[in-house]
Every structure is written in C-alpha cells, then in structure tokens.
Amino acid sequence: MVNKDDVVNAYRYILGREPESDDVVMTHMSAASLEELRIRFLDSQEFSQKYSRSGAVDIEGFMLPQDMPPLSVDIEADPQQMQALLDRIKREWEEFGEKDPHWSVLTHASYKKKFISENKSGFFESGRFVANIVRAFSDRNGVPVENYRSCFELGCGVGRITLHLSQIFESVIGADISKFHLDVCREELRQNGVKNVSLNCITDVRQLMELPRFDFFVSMIVLQHNPPPVIKFILECILDKLNPGGAAVFQVPTYRRSYRFDLSEYIGCPSPLHMEMHVLPQSEIFSILNNSRCDLVEVREDGWADGRTPNSLSNTFFVIKK
Ligand SMILES: C[S@@+](CC[C@H](N)C(=O)[O-])C[C@H]1O[C@@H](n2cnc3c(N)ncnc32)[C@H](O)[C@@H]1O
C-alpha cells in the first residue's frame, strides 16, 4: 500500500518539487505498490523532460559535448617567463598555506582553520581514495605497485595523499611550492611516525629540471592551478626523471568552455592573486607523453576540477614509461 508520505516523497526525490494539490496525491495513492509508484514517476513526461531521455537518466547532460570548438592556449614560455609564472603560483599558494592550509586543499567549510581539529581525521582519510586509484590503475594494467620502490608526489600539500602513499612505496618524495603547506605536512608525518617521506620545497625552474629519478609519479588537483606552459614544463621535467618501466597517475583539466590563455596578457596585466584554474588540452598532453617516451595506458574522465559538468573536462592519466 502507498500512503500520502510516500507520494509526497516521490514528488520531492524524483521530480524535485512539492505536489501541486491534494488531488494529485490522492490519485497516486491508488498505486498498488511502492514499485508501481516509482515507475509512474520515472516514466512521467515531467521526469523525462527534466532529467532523462527515453526514461534513462541523461548522462549526456553531465558531460562535455563532443562538438566543442578548439581553445586558444599558449603553451610555451621562455625560462624567465617560466620563473615569473612559478613565482606567482608560489605567492598564491603560500598565502593560502599561511591562512588556511587544509581548506586550500579541499575547499569545504569543515576544513577551515577553526573547524579542522574536529574534522582532521576525515580530511586525511579522504586521501586513501587516491592511493586506491593508484593501486587499481596499476593492478588493472599488470604493473602492481609492489613492483615499484620510489614515488614522487608533486603538490603534496599538507600530506593528505602522501600519508597513504608512504604505506605503498618504500620511499616517497613529497614536493610542494608552498613552504607553509610543507610545514603542516612535516608535522603530520611526524605525528603519524612516518619515516620514509622526504619533503622538497619547489622554488625555481632549475630545481624541477634537477629532480632525482623515481619509479612512480602521482599528482592530483595540483597541475590545474598552474598556467598551461607551467603544466607542460613540469610534466616534461618529471616524466624525464621517471625510470624506464615506471608509471604515473596524474590529473589535468583538459577543456573548459571559453577558457583561453594568452601568456603576454597574463604576465602584462596580472589579476589579483586567487586560486587559479587552468587547462591543458588533451592533444598537448598526448604529445608530451610521446616526446617523453611514455605510453598512455588509460585516460579517464574525472570530477576533480569542477565536478562533472557539461562545461568542463578533467582527466586522470595512467602512463608507463617505455
Ligand atoms: C589543492 S592542493 C592539493 C594537495 C594534495 N595534492 C591533495 O590532494 O591533498 C594543491 C597543492 O599543490 C601545490 N602546488 C600548486 N602548484 C604547484 C607547483 N607548480 N609545484 C608544486 N606544488 C604546487 C599547492 O601549494 C598545494 O599544496
């Protein structure tokens, strides 16, 4: 039997609105079972117009269409410009790191400085998800993480993911552009008794070119905060240091409606410091992989940048060095 609350809840949960009258509620109370009630709502014209095509949820509505135009994106910068770009990103992130390090990593109100002590365990637990992805990509492609010893994590922040990577790999280098994030990370590692992570504060272009070699590279929600020439440069430097047979899991937004990047404009008329969100088109990433002797093994759409929306595309790449 279906009661009045069942019908009102079906309106709220399925159609996203209140019933227009008691009469319509009474009509639906005639449904023989909850199952029949559910099917009536899912089959309704209103539901298909709002959310679906032919009764199935319209997943296309959450995806970037395939007929999008090209983006205009400058991807080259000379060494001086590159350093200027890095300096700006450093200023931005050190400001965040000093004011609100955990919130700057995951911008949820519960991770603001005044609430973080009560929510810290959930914050750090959320990094396990990335460690699980790293394992899953590797297992699916016949290169289990146990094959690898050393890991380089770019943009380790306060160590949310690093803590979990330290349980997978024999040694981890966590690098970040913000010394304030690294201070929090160091303390977190100490409190957790983690001894196999070393931290590296990125300050200049040369440092990126002189990284040590490693077996595995991980970077999540980091490259997106860097202008496209920096993303390209960083990926080239890092993939160059990946050992033969080594693997990498990293995320980069690859399309956003109306995004453009003009280097001289960006350097010439800088906007106030803020959490920048950038894009490097997929074709550029594929060509970097090609030039770095890396095979693209999987590329997955993800929701890291803006969630899954029809306006943008973010990808997680899994690659193996030849
Ligand atoms: C949104 S947080 C993510 C931190 C960490 N990956 C996580 O998911 O917990 C971005 C981090 O990347 C760092 N970052 C941004 N650009 C960087 C760069 N070019 N090199 C190194 N670190 C960078 C920031 O300082 C910040 O700690």
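**View 1. Salt bridges across the whole structure.** A search of the whole structure finds 23 salt bridges, a salt bridge being a side-chain nitrogen of Lys or Arg within 4 Å of a carboxyl oxygen of Asp or Glu. The model is predicted, and local features need pLDDT of at least 70 and side-chain atom pairs count only at pLDDT 80 or more, whereas totals for chains, interfaces and linings use all residues. Residues are numbered from 1 along each chain as its sequence is written, and side-chain values use heavy atoms, with hydrogens and water left out.

**View 2. The protein chain as a whole.** The protein chain holds 14 helices and 11 strands; helices (H or I, at least four residues) and strands (E, at least two) are DSSP runs, numbered from the N terminus. Its C-alpha trace spans about 75 × 50 × 45 Å along the principal axes. Of the 322 residues in the protein chain, 49% are buried, where buried means under 20% relative accessible area, exposed means over 50%, and partly exposed lies in between (1.4 Å probe, protein chains only). Carbon and sulfur atoms supply 52% of the about 16200 Å² that the protein chain exposes, with accessible areas taken from the Shrake-Rupley method with a 1.4 Å probe and, for residues, only the protein chains shown counting as cover.

**View 3. The salt bridge between Glu-94 and Lys-179.** The side chains of Glu-94 and Lys-179 meet in a salt bridge, at 3.6 Å from N to O. Because Glu-94 lies in helix 5 (residues 79-99) and Lys-179 in helix 10 (residues 179-191), the pair ties together parts that are 85 residues apart in sequence. Glu-94 counts as buried because its relative accessibility is 13%, while Lys-179 is partly exposed, with a relative accessible area of 42%.

**View 4. The salt bridges of Arg-260 and Arg-17.** Arg-260 forms a salt bridge with Glu-265, the closest N and O atoms being 3.1 Å apart. Both residues are described by their accessibility: Glu-265 counts as partly exposed at 39%, and Arg-260 counts as partly exposed at 48%. Elsewhere in this view, salt bridges that share partners join Arg-17, Glu-20 and Glu-46 into one network. Within that network, the side chains of Arg-17 and Glu-20 meet in a salt bridge at 2.9 Å from N to O; Arg-17 counts as partly exposed because its relative accessibility is 23%, whereas Glu-20 is exposed, with a relative accessible area of 54%.

**View 5. The surroundings of His-102.** His-102 has its place in helix 6 (residues 101-105), and His-102 counts as buried because its relative accessibility is 9%. Leaving aside residues up to four places away in sequence, His-102 touches Tyr-111, Ile-116, Phe-123, Phe-124, Val-158 and Val-184, a contact meaning heavy atoms within 4.5 Å. For one of these partners, Phe-123, the C-alpha atom is separated from that of His-102 by 8.1 Å, and the two residues are 21 residues apart along the chain.

**View 6. A nonpolar patch on the surface.** Phe-286, Leu-296 and Val-299 make a nonpolar surface patch of about 200 Å². Patches are made of residues with over 30% relative accessible area and no salt bridge, like charges being joined within 9 Å and nonpolar side chains (Val, Leu, Ile, Met, Phe, Trp, Tyr) within 5 Å. Phe-286 lies in helix 14 (residues 282-291) and counts as partly exposed because its relative accessibility is 32%.
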